[in-house]
Amino acid sequence: MDRDRLALALMATFLEELEGHVAALNRDLLALEKAPTPARTGELMTSLLRTVHSVKGASRAVSVSLIETACHWLEEVLLAVQREGNTRPDLMELCFSTADALDDAGRRLAQKQDLLGSPLESLLPRLAEAAHAPESRPAHAEPPPLPRPPVQAPAPQPPSPPPVEAPAPGAEGLPVRVSAQKLDALLARSGELRVAGLRMEGRVEALEAVREELHQLRLGLRGADELAARRLELRLAQLGRTLAADQRTLLQTTGGLDDEVRRARTLPFAEACAGMERNVRDLARAADKQVRLEVHGGALELDRSLLQGLREPLMHLVRNAVAHGMEAPEARREAGKPEEGRVTLTARLRGGRVEVVVEDDGRGLDLGAIRTRARERGLPVLEDAGDARLIFLSGLSTAASVTSVSGRGVGLDVVRSQVEALRGSVDVSFQPGQGTRFVLDVPLTLSTLRVLLVTAGGQSFAVAGESVARLLRLEPADVRVVEGRQMWAAPEALVPLAPLTTVLGLPAGSPRPRPGAMVLASGEVRAVLVVDEVVAEQEVLIRGLGPRIRRARHVSGMAVLPDGRMAPLLNAHSLVRAAEGRTSPVGLFPTPIEKKARKRVLLADDSMTTRTLERSILEAAGYDVLACVDGQEAWERLQAEGADALVSDVEMPRMDGFSLTEAVRGSPRFGRLPVVLVTARARPEDKARGLQVGASAYLVKSAFDQTHLLETLRQLL
């Protein structure tokens with residue numbers, strides 16, 4: 001490696017270490033201010049001196065003399081604090097200012113800027129003066145020499161590289177620095193491998209279809225042609241089994257690789273909160289308030305990209321809590337509260353989601369002022385608790401004046417936009433005089449997602465599965481028109497309803513007798529979006545829109561489907577907001593026609609998602625569907641209500657699909673009932689058992705195609 005490249009590598013390492021050292025300085029200085037015992041004070045002083053000494057030595061190695069000189073005088077100031085045995089406020093403020101100046105110097109060096117005229121240079125006289133003060137050193141000590149005027153060093157001359165030593169025994173467990181970009185690239189490749197594995201599944205199914213066609217062709221052949229066809233069929237069957245085994249191995253391997261890469265990318269939640277305690281301290285002091293920040297769930301490991309996306313929204317909310325929510329000590333004392341307010345950051349897992357709560361014990365929201373400002377801007381006011389969400393609108397602020405932290409009405413709008421960019425949602429609640437609570441709900445991972453694929457206006461779209469509360473088949477009796485807007489009459493309330501084509505600005509298709517719809521949830525708010533068709537539920541790889549597309553309305557990314565196609569990933573929270581007021585009272589249903597007799601299908605599956613999807617497919621095809629959660633319920637309802645066909649899963653509690661089929665075949669009343677088993681069991685012995693117990697058809701979920709199911713039922717009925 002030449003000297004210039006080595007110098008750049010050393011500087012990059014120094015800047016990375018400097019960032020960690022500045023965070024350690026802030027952490028230990030904050031703890032020193034609140035140190036309860038002399039022993040704890042001694043521990044913190046030892047840690048601070050060690051950190052400053054490390055920065056001084058590292059800056060000398062890269063020839064940044066300004067930082068080296070500043071750290072020398074900061075050491076003297078800290079030694080003065082240690083000798084006096086108490087934390088003088090003026091010296092503590094000087095230490096905090098030096099930590100900020102070191103952070104600024106690191107950013108300037110990273111951008112290859114000059115340090116002359118920087119805040120760190122302007123702090124040197126104050127540091128030297130504090131170190132020279134008589135009370136800062138023992139009576140017998142000679143006054144230290146005045147610092148030399150800082151001179152910006154020439155380009156750093158790297159030292160000779162140390163000799164490379166053989167790793168010591170057990171060195172395999174030592175940490176290794178890997179850049180975030182390399183981990184991101186590795187995760188992207190891992191995701192592409194998973195997509196390739198899923199694509200292989202389709203190839204296995206295609207090969208099986210070719211073998212089946214060859215089998216049908218062989219039945220019509222005789223003699224040598226039949227023998228040749230049979231040999232070819234056997235070879236295809238063997239190739240299919242080998243390919244299926246390879247596909248399973250690939251999926252297992254890529255799944256393990258994906259998990260390991262994700263684990264390598266995780267950081268504790270406390271990383272997203274780094275610097276916030278210092279921010280709260282400075283804001284509170286500037287406003288003559290007393291505020292304490294508490295972090296719960298700091299050890300929870302989360303994806304690095306997620307933490308980066310959460311950091312700015314959390315900072316906005318914490319600053320808002322101090323600036324808007326927290327009262328002055330006198331007001332808190334009059335209200336019967338402790339003079340010191342509390343802001344709490346809490347992170348916890350909720351299934352496949354992460355819930356982050358920012359809560360304070362301040363005055364709460366001024367709902368009257370929020371409504372007044374909203375009316376001034378011509379915004380709709382509901383006169384209920386939902387008006388608190390108006391604070392997320394751009395330009396709306398209740399602050400009496402504009403300051404560096406409030407009054408412009410952009411903070412909470414930015415919070416909402418950034419959380420939604422993470423495919424999340426944010427909600428707010430409060431109690432007057434008791435405090436305010438913000439709840440951020442975001443996915444656990446940003447790279448892969450389980451989505452529902454739908455079509456609208458002839459195009460395919462993906463919607464995050466966790467945002468879909470339920471799927472519907474709409475009847476005219478389910479829809480109400482209220483003040484010109486269509487609403488779905490849910491059992492508990494009226495829910496806004498709109499065609500997805502209308503919300504996205506696409507040409508509408510022809511009305512359908514019982515259009516499909518999905519109920520989307522954004523926090524406590526819901527909306528119904530009408531779609532042309534619900535295609536499938538799949539796990540897909542997520543790709544960003546790229547730097548050229550800053551913001552696409554209602555779209556948060558692109559979903560890479562297993563067959564390689566791309567589908568826009570819709571932002572459910574944006575769709576829910578847009579659904580209000582975007583409906584048309586006509587054209588959703590076609591002109592009524594005379595009803596025909598409908599066949600009744602009994603459906604048994606213990607998976608709610610699969611059951612809902614299959615029910616949607618069957619009802620769209622004109623069947624009446626009785627849905628059951630397991631085989632026992634299906635058997636009881638069959639005897640009580642009857643059916644024209646049975647579609648059942650195999651693996652279910654209480655009574656599985658095989659036992660249910662045996663019971664049906666043993667019944668004098670239903671012995672000839674068509675039974676279709678739809679299951680994930682693809683082994684030949686499972687298929688053989690299904691047909692042995694009397695199933696009319698055996699469909700494998702991995703090769704599931706709704707047209708195949710419907711055609712099978714049509715033939716059986």
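In this predicted model, strands β5 and β7 pair in the antiparallel sense over seven bridges. The two strands belong to an open sheet of five strands with mixed pairing, in the order β2-β4-β5-β7-β6, and a second open sheet of five strands has parallel pairing and the order β20-β19-β21-β22-β23. The points below take up each sheet in turn, together with the helices that lie on them and the salt bridges found in the structure.

**The mixed sheet**

- At the edges of the mixed sheet stand β2 (291-296) and β6 (425-431), each with a single partner strand, so that one side of each is left without a neighbour in the sheet.
- Neighbouring strands of this sheet are turned against each other by 15° on average, if direction is ignored.
- Within the pairing of β5 and β7, Arg353 has Pro443 of β7 as its bridge partner.
- Helix α9 (residues 304-325) lies across β2, β4 (341-350), β5 and β7, and runs at about 170° to β7.

**Salt bridges around Arg353**

- Arg353 forms a salt bridge with Asp441, in which the closest N and O atoms are 2.9 Å apart; because Arg353 lies in strand β5 (residues 353-360) and Asp441 in strand β7 (residues 435-443), the pair ties together parts that are 88 residues apart in sequence.
- Glu466 also forms a salt bridge with Arg353, with 2.4 Å between the closest N and O atoms; Glu466 lies in the loop between β9 (459-464) and β10 (468-473) and Arg353 in strand β5, so this pair ties together parts that are 113 residues apart in sequence.
- Arg353 is buried, with a relative accessible area of 10%, whereas Asp441 is partly exposed at 22% and Glu466 counts as partly exposed at 38% relative accessibility.

**Salt bridges between helices α4 and α8**

- A search of the whole structure finds 44 salt bridges, and one of the pairs is formed by the side chains of Asp100 and Arg278, which meet at 2.5 Å, N to O.
- This pair links distant parts of the chain, since Asp100 is in helix α4 (residues 89-110) and Arg278 in helix α8 (residues 276-286), 178 residues apart.
- Asp100 is partly exposed, with a relative accessible area of 35%, while Arg278 counts as buried at 8% relative accessibility.
- Asp100 and Arg278 are linked with Glu33, Glu93, Arg281, Asp282 and Arg285 in a network of salt bridges.

**The parallel sheet**

- In the parallel sheet the edge positions are taken by β20 (624-628) and β23 (697-700), each with a single partner strand, so one side of each is left without a neighbour in the sheet.
- Ignoring direction, neighbouring strands of this sheet are turned by 20° against each other on average.
- Strand β19 (residues 600-604) runs parallel to β20 and is joined to it by five bridges, and Val601 stands opposite Val625 in β20.
- Helix α16 (residues 631-641) packs on this sheet and touches β19 and β20, its direction making about 140° with that of β20.
- Helix α17 (residues 657-665) also packs on the sheet, where it touches β21 (645-648), β22 (675-679) and β23, and its direction makes about 175° with that of β22.

**Helices α16 and α17 in detail**

- The buried residues of α16 are Gly631, Ala634, Trp635 and Leu638; they cover an arc of only 100° around the axis, which puts them on the same side of the helix.
- Among the elements that cover these buried residues of α16 are β19, β20 and α17.
- At the start of α16, a side-chain oxygen of Asp630 comes to within 3.2 Å of the backbone nitrogen of Gln632, and the residue that follows the helix is Gly642, whose phi is positive, near 75°.
- Glu662 lies in helix α17 and, at 43% relative accessibility, counts as partly exposed.
- The C-alpha atoms of Glu662 and Ala695 are separated by 8.7 Å, although the two residues are 33 residues apart along the chain.

How values were computed
Residues are numbered from 1 along each chain as its sequence is written. This is a predicted model: local features need pLDDT of at least 70, side-chain atom pairs count only at pLDDT 80 or more; totals for chains, interfaces and linings use all residues. Side-chain values use heavy atoms; hydrogens and water are left out. Two strands pair if DSSP finds at least two bridges between them. Helices (H or I, at least four residues) and strands (E, at least two) are DSSP runs, numbered from the N terminus. Axes are lines fitted to C-alpha atoms, for helices over the stretch in contact, and angles run from 0 to 180 degrees between N-to-C directions. Contact means heavy atoms within 4.5 Å. Buried means under 20% relative accessible area, exposed over 50%, partly exposed in between (1.4 Å probe, protein chains only). The arc is that of the directions from the helix axis to the C-beta atoms. A polar contact is a pair of N or O atoms within 3.5 Å; within protein, one must be able to donate a hydrogen and the other to accept it, and residues adjacent in sequence count only if both atoms are side-chain atoms. A salt bridge is a side-chain nitrogen of Lys or Arg within 4 Å of a carboxyl oxygen of Asp or Glu.
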